[in-house]
Amino acid sequence: MKLTKRGYQLVTDLMYRYRLCEIWLADNIQLSLPEVPRQAWLMSAIDSSVVMAKLNQQMAYPKTSPFGGALKLESFSKYQHPTLLSLLSIPVGKEVKIISFLETPATIHYFQHSGLHLGQVLTINSKNTVLPNISITDVKDNEYLIDNSMAVYIYCELLI
């Protein structure tokens, strides 16, 4: 199934409003991150382009949400299938950079407490199927164990 040009424009507009609200809620009123997505979805019903433009200007034209999502999506003519991969799908020995993660309260809490952060470069060391987790290290050789049920919702760009 593919989106039409009009459908893609509707998605782009909604995601722009949603992510702008995410940024405002997280940065300006410092709402707890796990609460941000729900409230941002409610606020994204604002359909005034004037209000959104002023909000964008007030926040100095941010580029990404607190969860790594781009504020402005590519135009329909440039849209391609995303090249992001879930951390779970990356083979052992490969190096990745964390780009974003799913915005649900559970994944936000997990991400906050895992010690990981957006933009972090990691190497996949091993995958354990008995205790379904992934062992990864950062550039300082700090090791992290990430549960597979969460690794599927952490999105990365393959570096090597």
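Here are three short exercises on a predicted model, each with a worked solution. Residues are numbered from 1 along each chain as its sequence is written, and local features need pLDDT of at least 70.

**Exercise 1.** Work out how α1 and α3 are oriented where they pack.

*Solution.* Start with the two helices: α1 covers residues 5-28 and α3 covers residues 49-58. Next, take their angle of about 40 degrees, with axes 11 Å apart. That makes α1 oblique to α3, since angles under 35 degrees count as roughly parallel, over 145 as roughly antiparallel, 65 to 115 as roughly perpendicular and the rest as oblique. Then look at the residues that meet (contact means heavy atoms within 4.5 Å): Tyr16, Arg17, Leu20, Cys21 and Trp24 from α1 face Met52, Leu55, Asn56 and Gln58 from α3. Sorted by class, this gives 6 nonpolar, 2 polar and 1 charged residues.

**Exercise 2.** Decide whether Thr137 is buried or exposed, and find its side-chain partner.

*Solution.* First, place Thr137 in strand β4, residues 133-138. Its relative accessibility is 14%, so Thr137 is buried (buried is under 20% relative accessible area, exposed over 50%, partly exposed in between, with a 1.4 Å probe and protein chains only). Finally, the side chain of Thr137 lies 3.4 Å from that of Asn125 in a polar contact, a pair of N or O atoms within 3.5 Å.

**Exercise 3.** Compare the surroundings of Tyr61 and Asp141.

*Solution.* Tyr61 sits in the loop between α3 and β1, with phi near 55 degrees. Tyr61 is partly exposed at 48%. Asp141 belongs to the loop between β4 and β5 and has a positive phi of about 65 degrees. At 66%, Asp141 is exposed.

How values were computed: This is a predicted model: local features need pLDDT of at least 70, side-chain atom pairs count only at pLDDT 80 or more; totals for chains, interfaces and linings use all residues. Side-chain values use heavy atoms; hydrogens and water are left out. Axes are lines fitted to C-alpha atoms, for helices over the stretch in contact, and angles run from 0 to 180 degrees between N-to-C directions. Helices (H or I, at least four residues) and strands (E, at least two) are DSSP runs, numbered from the N terminus. Ala, Val, Leu, Ile, Met, Phe, Trp, Tyr, Cys and Pro count as nonpolar, Asp, Glu, Lys and Arg as charged, and the others, Gly among them, as polar. A polar contact is a pair of N or O atoms within 3.5 Å; within protein, one must be able to donate a hydrogen and the other to accept it, and residues adjacent in sequence count only if both atoms are side-chain atoms.
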